[in-house]
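Biologist: Could you take me through one part of this model up close? I'd like to start from the pocket and work outwards.

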Amino acid sequence: MYTLSEFLGNDDLKNNFKKLIINDSVFHAFILSGNFGLGKKTFAKTMAKAILCNNFKEKNDACCKCQSCVSFDENNNPDILFIKQKDKKTIGIDELREQLLDTINIKPFMYSHKVYIIENAELLTIQAQN
């Protein structure tokens, strides 16, 4: 998987995000928007990897060697969870709750944060967005 330094362009975005991690002031939510095929999901995964990297502050990027990075690259990190659209045209509040309720009240398993990535978030209904 990628590191922040491997992404081309958006240097201001990447630098601001790095500062947030270094200063332990990561926001509770980020919205990535853009055209289809732009790499939003890949960048979201890279952000999640950076947030949970044990050595980020030393390297100023994900190290790809710590337990968190290795488990992330193997798609086996217990603190990164994906909210996925089921077979509907929208993601409703009930579907969102169903996928969140099992894990939302549990503290992060191994790392400092728990990261949720909502795929196709543009399909969330107004109730689900709130």
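How many residues line the largest pocket, and which of them lie nearest its centre?

Modeller: Sure, with one caution about what you're looking at. This is a predicted model, so local features need pLDDT of at least 70 and side-chain atom pairs count only at pLDDT 80 or more, while totals for chains, interfaces and linings use all residues. Residues are numbered from 1 along each chain as its sequence is written, and side-chain values use heavy atoms, with hydrogens and water left out.

Now your pocket. It has 38 lining residues, and Phe30, Tyr116, Ile117, Ile118 and Ala121 are the ones nearest its centre. A pocket here is found on a 1 Å grid over the protein atoms alone: an open set of points where a 1.4 Å probe fits, with protein on both sides within 12 Å along at least five of seven lines, and a lining residue has an atom within 4 Å of a point. The space inside comes to about 1400 Å³, taken as the volume filled by probe spheres set on points joined across faces, edges and corners. Four elements, α2, α5 (93-100), β2 and α6 (126-129), each put at least two residues into that lining, and α2 gives the most, with 6. Helices are DSSP runs of H or I with at least four residues and strands are runs of E with at least two, numbered from the N terminus.

So let's follow α2. This helix runs over residues 40-52, and its 13 residues, at 1.5 Å each, should span 18 Å; the end C-alpha atoms sit 19 Å apart, which agrees. (The expected span is 1.5 Å times one less than the number of residues.) Of those 13 residues, 10 are buried, so α2 is largely enclosed by the rest of the structure. Buried means under 20% relative accessible area, exposed means over 50%, and partly exposed is in between, with a 1.4 Å probe and protein chains only. The buried set goes from Phe43 and Ala44 through to Ile51 and Leu52, and has Lys45 and Lys49 among its members. What do they pack against? Their partners are α1 (11-22), α3 (56-59), α4, β1 (80-83) and β2 (115-118).

The helix also feeds the inside of the protein. In the largest nonpolar core, which has 22 residues, Phe17, Cys53, Ile80 and Val115 touch the most other members. Two or more residues come from each of α1, α2, α4 and β2, and α2 again gives the most, with 7. A nonpolar core is a set of buried Ala, Val, Leu, Ile, Met, Phe, Trp, Tyr and Cys residues joined through side-chain atoms within 4.5 Å. In soluble globular proteins, nonpolar side chains tend to be buried together.

Just past the end of α2, Cys53 is in contact with Asp61, Ala62, Cys63, Cys66, Ser68 and Cys69, leaving aside neighbours within four places in sequence; contact means heavy atoms within 4.5 Å.

Two of those partners are worth a stop. Ser68 is in helix α4 (67-73) and is buried, at a relative accessible area of 1%. A polar atom of the Ser68 side chain lies 3.0 Å from the backbone oxygen of Leu52. Asp61 sits in the loop between α3 and α4, and at 7% relative accessibility it counts as buried. The side chains of Asp61 and Thr3 share a polar contact of 3.5 Å. That term covers N or O pairs within 3.5 Å; within protein, one atom must be able to donate a hydrogen and the other to accept it, and residues adjacent in sequence count only if both atoms are side-chain atoms.

Beside Asp61 in that loop is Asn60, which has a positive phi of about 60° although it isn't a glycine. Most residues other than glycine have a negative phi. Asn60 is partly exposed, at 34%.

Finally, the chain's start comes back to α2. Tyr2, from the segment before α1, touches Thr42, Thr46 and Lys49, among others. Tyr2 is partly exposed, at 43%, and its C-alpha is 8.3 Å from that of Phe43, 41 residues along the chain.
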